[in-house]
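Here are some remarks on the model you asked me to look over, set out as numbered points. They take one helix and then one histidine in turn.

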Amino acid sequence: MAFETLLSSYLEQKVGISEDFISVALSQHLQNNLLQLLEEGLLIAAGTGNDGKLSHDKKVRSDTIYWLDKKHNNIHETAFLKQMEGFIEYLNSECYAGITSYEFHYSLYEAGSFYVKHLDQFQDNSSRAFSMISYLNANWKEADGGELLLHQIGNNQKVAPTQGKTVFFKSDELIHEVLVTNTRRMSIAGWLKR
């Protein structure tokens with residue numbers, strides 16, 4: 001059902017949103033894992049660009065990240081990635097999307113952090129077809145800030161980063177930003193690739 005909700009809302013509005021794409025239990029496990037990685041000093045400053053053009057500019061993006069990988073042998077990361085594989089299979093069968101791979105990372109925004117307006121697709125590499133963001137924040141309230149702001153012609157949309165919610169859109173079409181967060185904000189962001 002969550003797969004259908006995400007895809008049908010995308011087809012209707014160019015932005016797919018499922019409020020409970022990830023279960024509360026899995027979301028909590030992933031949040032705990034992210035906080036453990038933070039405690040162990042394993043998060044790195046996020047950058048922009050790719051390969052030789054990677055840049056770290058805190059005036060553009062101020063979150064820290066950690067890439068997910070089944071090789072980590074973490075049951076919760078693996079459960080998340082298997083769910084994404086299931087969605088990819090569904091997307092390919094319903095829309096002939098041609099997705100062949102993916103990449104996902106944890107993203108941690110401390111209070112005062114943000115990410116300015118951007119597109120997710122690189123100028124010299126069009127492999128990122130769709131962007132997906134899954135949120136891990138329990139008890140999020142409006143005063144916490146940190147919303148995803150989607151820039152659409154005549155219809156900008158703010159998305160609260162509430163626990164279990166997943167957002168899905170085309171990587172080369174939708175300019176978006178993360179507004180300044182007033183408290184710690186946690187998510188998993190990634191791309192479905194061709």
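**Notes on a helix and a histidine**

1. In this predicted model, helix α1 covers residues 2-13, and its 12 residues, taken at 1.5 Å a residue, should span 16 Å; the C-alpha atoms at its two ends are 16 Å apart, which agrees with that expectation.

2. Within α1, the buried residues are A2, L6, L7, S9 and Y10. Viewed down the axis of α1, these buried residues fall within an arc of 165°, so they line one face of the helix. The face turned away from this buried side carries L11 and E12, both of them exposed.

3. As to what lies over the buried residues of α1, the cover includes the strands β1 (16-18), β6 (128-135) and β9 (166-170), together with the helix α3 (75-95).

4. At the other side of the helix boundary, K14, which comes just after α1, takes a positive phi of about 65°.

5. Turning to the histidine, H176 is found in strand β10, which comprises residues 175-178. Is H176 buried or exposed? Its relative accessibility is 3%, and because buried means under 20%, H176 counts as buried.

6. The side chain of H176 reaches the backbone oxygen of L174 at 2.9 Å. When residues up to four places away in sequence are not counted, H176 touches V116, K117, H118 and D120, as well as L148, L149, L150, H151 and F169.

Note on methods: Residues are numbered from 1 along each chain as its sequence is written. This is a predicted model: local features need pLDDT of at least 70, side-chain atom pairs count only at pLDDT 80 or more; totals for chains, interfaces and linings use all residues. Side-chain values use heavy atoms; hydrogens and water are left out. Helices (H or I, at least four residues) and strands (E, at least two) are DSSP runs, numbered from the N terminus. The expected span of a helix is 1.5 Å times one less than its number of residues. Buried means under 20% relative accessible area, exposed over 50%, partly exposed in between (1.4 Å probe, protein chains only). The arc is that of the directions from the helix axis to the C-beta atoms. Contact means heavy atoms within 4.5 Å. A polar contact is a pair of N or O atoms within 3.5 Å; within protein, one must be able to donate a hydrogen and the other to accept it, and residues adjacent in sequence count only if both atoms are side-chain atoms.
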